Amino acid sequence: MGAGHSVGPGVPGDRHVRPDHRGERRVNGGTDDARADGARPSLSRFARDWARAVEGTSFVPLSGAEIEQYLRDQALRLAQALRTEPFDPAAAREVGASLVGEHFTGSGTLERTLGLVGPWWPILRREAVSRGRDPDAYLERIAGLMGALAAGYAEALRRRTLDEQEAIHAAVLVARDSAEHALHTSEARFRAVFDQAAIGIGIGDVDGNVIDVNQAMTTMFAASVEEMCKRQVRDFMHDGDTDHMWKLYDELISGERDHFALEKQFEKADGETLWTHLSLSLVRDSKGSPEYQVCMLEDVTDRHRLHTRLRHQAMHDQLTGLPNRALFVERLTAAFEHPGPGDRVGLCYLDLDGFKVVNDSLGHDVGDQLLVAVARRLSRYAGQAGHLMARMGGDEFVILVEHSTGTGQVVALADGVFAALREPFRIRGHDLTVTASIGIVERPVAGTSPADTLRAADITLYWAKSDGRGRWTVFDTDRNDREVARYTLSAEMPAALHHGEFYVDYQPLVSLADGGVLGVEALVRWRHPRNGLVGPDRFIGLAEETGLIVPLGMHVLEQACREARRWQDLEPDGAPFISVNLAERQCREPGLVRQVERVLAETGLDPGRLQFELTESQIMSTDGGPLERLRELAAMGIRIAIDDFGTGYSNLAYLRRLPVCELKIAGSFVEGLRQPGDSDPVDGRIVASLVELAHAIGLTVTAEGIETAVQAERLRAIGCDAGQGWYFSRPGPPDRIEGMLAGVKERS
């Protein structure tokens, strides 16, 4: 292996080939830089920078070129971990442990290693952008890798130190036992270990008097041996010490335990804080009674500062400097852990309205600067009120109100947020006005949890945005229960369709001239195993939102066409057409026409006996592909009808260009025709005008919602072609339609 080397840059052109201590062959400085998966030329440069950074901090038994090659291997492992999906920082922990194993343990080695990331961040950021990744997410990965590297380094160093401590402890005990036989030899041996140890060692009696300390300990505390020996053990108490630590100490000096170890802070003679890993052991006399206590201290101040800095980075938003989601959840959880009687908590969960427009129109740089300005202004406002404000991600922020006095306090806080945002923000020459939507939750701590409270705030923020934005909304339990019920139904619908819980009822469309059944509308129903019959008003909207309306609509079409084919077989010449509702999402399905052709072919139903109903708004919004699909269906002979006509903003002239054959007048117009005569002349004139205009462009008219004989007679007199409603029949099973068909046949 040759002589050792103080860590520094490698020797250019060094191509020494040698097996390392793990049996692998290394090639230094050659073209093998690209031999491993994911290696890039920048790794060699990073390794050289790494070697220069740690130069002089450690004594390593390797040549300069070997050091550079070793560091390059570790850089490769870090690069692979950074890019691997899913992200796992375990490799960085192994790298940290490997550094300790190779004796890179000198003062400043770890700090300089971690300091390399800053100069290299622009390169990594460009790489993240070129790979289509979020640079901030990349930075979070880098922070995770550095934290894992530091943790692995610290753990390996700690294990090595503990091994040394145990060896020292054993030496102390051996020295004591041997003193009876060779006092002079054992004393010399003990003194050598005691004085030359790299860690601080102190000896005290069970009364807490400091008897002796070594040179390392006096250096740690910046005090002489004489000054240290004038003090009691309890003089080293610190305000940050826990009761648990001193309970362990009392148990040790009383003989209840022989050893304990923990992390403890001290105050040095110069006022500086000293962080140590403390190991305290009990030495017993020949009778087993406590006689001495032996303290061993490892100075971990640098490691503690690094940990504190890394924790701050992990717990704060990189862009705004605000606490991030992790720190917020930690504080919120703490508020729930030890609540006082009647303790309450409040949340203001806010989201900037229309922030995406800023990013899209002015660029993400302006958007980022706007977020920073908003965060600074709101943080100042929340801080003056003594509340924690955090960035939850994107343009979402939350303010935590601990020990809330009631909903009024949190509402006043939300109003203050609006006031703070009222003044425009000047960003790179742009005056940007920002509004926000706020979800407010205020409740007792008892009886709930941090997760439920945060979920409630998130839901309430959604309500505020859906209610119109630029407002606050307070969490409402009843509304939440309704939303949960809707979500539950939505989640259950796919399985319900698979298990056949949806079925079809049928309602006739009756000729107002002779009472014959012209058509039948298919109406879907849901027989829920727990909730009983669920009406379409509760699940059709959910099906459209989730996209389940496409398979559900096809299920209804298949059932309806099978029944219509049965009626066609019973009455080949006078069978009614089947009318099926067609949702807008179905119209936009490219395969709609092929699916309809398949169903007609499988059932054998004449296309002329199938009618699709679309709402007025659907018809008016159809263009491009959906309109072409409707025309293809009409070309097959399928009827197209407009449902609930009169409730939208249709243009009858436009309808002439659409493949429509029937209008179904909304029941709200028919409602005014309940009484005989002209008790409601407006509705009568409207319906009469609609019928006249529809007939003028060649459309038939069906009136919906007919419930009385008077309505039916007035509509017949107006000239309406057909009617539908409870007056003729409520929706029911298919055999009811068959009965009506048989009755009409008998009358004829």
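Start by selecting Val233, Phe236, Phe266, Leu280 and Cys295: of the 22 residues that line the largest cavity, these lie nearest its centre. (A cavity here is a set of points, on a 1 Å grid over the protein atoms alone, where a 1.4 Å probe fits but cannot get out; lining residues have an atom within 4 Å of a point.) Before going further, note that this is a predicted model, in which local features need pLDDT of at least 70 and side-chain atom pairs count only at pLDDT 80 or more, while totals for chains, interfaces and linings use all residues. Residues are numbered from 1 along each chain as its sequence is written, and side-chain values use heavy atoms, with hydrogens and water left out.

**Stop 1: the largest cavity**

Now colour the elements that give two or more residues to this lining: strands E5 (200–205), E6 (210–213), E7 (259–267), E8 (273–284) and E9 (290–299), together with helices H8 (215–221) and H10 (243–253). (Helices, H or I of at least four residues, and strands, E of at least two, are DSSP runs numbered from the N terminus.) The volume of the largest cavity is about 280 Å³, where a volume is the space filled by probe spheres set on the points, and grid points are joined across faces, edges and corners. Colour the lining by class and you will find 17 nonpolar, three polar and two charged residues. (Ala, Val, Leu, Ile, Met, Phe, Trp, Tyr, Cys and Pro count as nonpolar, Asp, Glu, Lys and Arg as charged, and the others, Gly among them, as polar.)

**Stop 2: strands around E9**

Keep E9 selected and add E8: the two pair in the antiparallel sense over nine bridges. (Two strands pair if DSSP finds at least two bridges between them.) Follow the chain between them and you trace a hairpin with five residues between the strands, where Gly288 in the turn has a positive phi of about 90 degrees. Then add E5, which runs antiparallel to E9 and is joined to it by six bridges. Centre on Leu297 in E9: Gly200 is its bridge partner, and Leu278 also stands opposite Leu297.

**Stop 3: the second largest cavity**

The structure holds two cavities of 30 Å³ or more, so to speak of the next one, select Gly553, Met554, Leu557, Val580, Asn581, Leu582, Gln586, Leu592, Val596 and Phe612, which line the second largest cavity. The space in the second largest cavity is about 40 Å³. Helix H19 (549–570), strand E20 (577–581) and helix H21 (592–603) each supply at least two residues of this lining, and H19 gives the most, with three. By class, the lining of the second largest cavity has seven nonpolar, three polar and no charged residues.

**Stop 4: backbone details**

Most residues other than glycine have a negative phi, and most peptide bonds are trans. Go to the loop between helix H2 (64–83) and helix H3 (90–101), where Pro86 is found. A cis peptide bond joins Glu85 and Pro86, with omega about -10 degrees.

Next, pick Arg469, a residue other than glycine with a positive phi of about 65 degrees. Arg469 sits in the loop between helix H16 (450–466) and strand E16 (472–474), and counts as partly exposed at 44% relative accessibility. (Buried means under 20% relative accessible area, exposed over 50%, and partly exposed in between, with a 1.4 Å probe and protein chains only.)

Asp644, in strand E22 (residues 639–645), also has a positive phi, about 55 degrees, although it is not a glycine.

**Last stop: Ser729**

Finish in the loop between strand E25 (722–723) and helix H28 (734–747), where Ser729 lies. Is Ser729 buried or exposed? Ser729 is buried, with a relative accessible area of 7%. Show its contacts (heavy atoms within 4.5 Å): not counting residues up to four places away in sequence, Ser729 touches Gln507, Pro508, Arg736 and Met740.

Methods. On a 1 Å grid over the protein atoms alone, a cavity is a set of points where a 1.4 Å probe fits but cannot get out, and a pocket is an open set with protein on both sides within 12 Å along at least five of seven lines; lining residues have an atom within 4 Å of a point.
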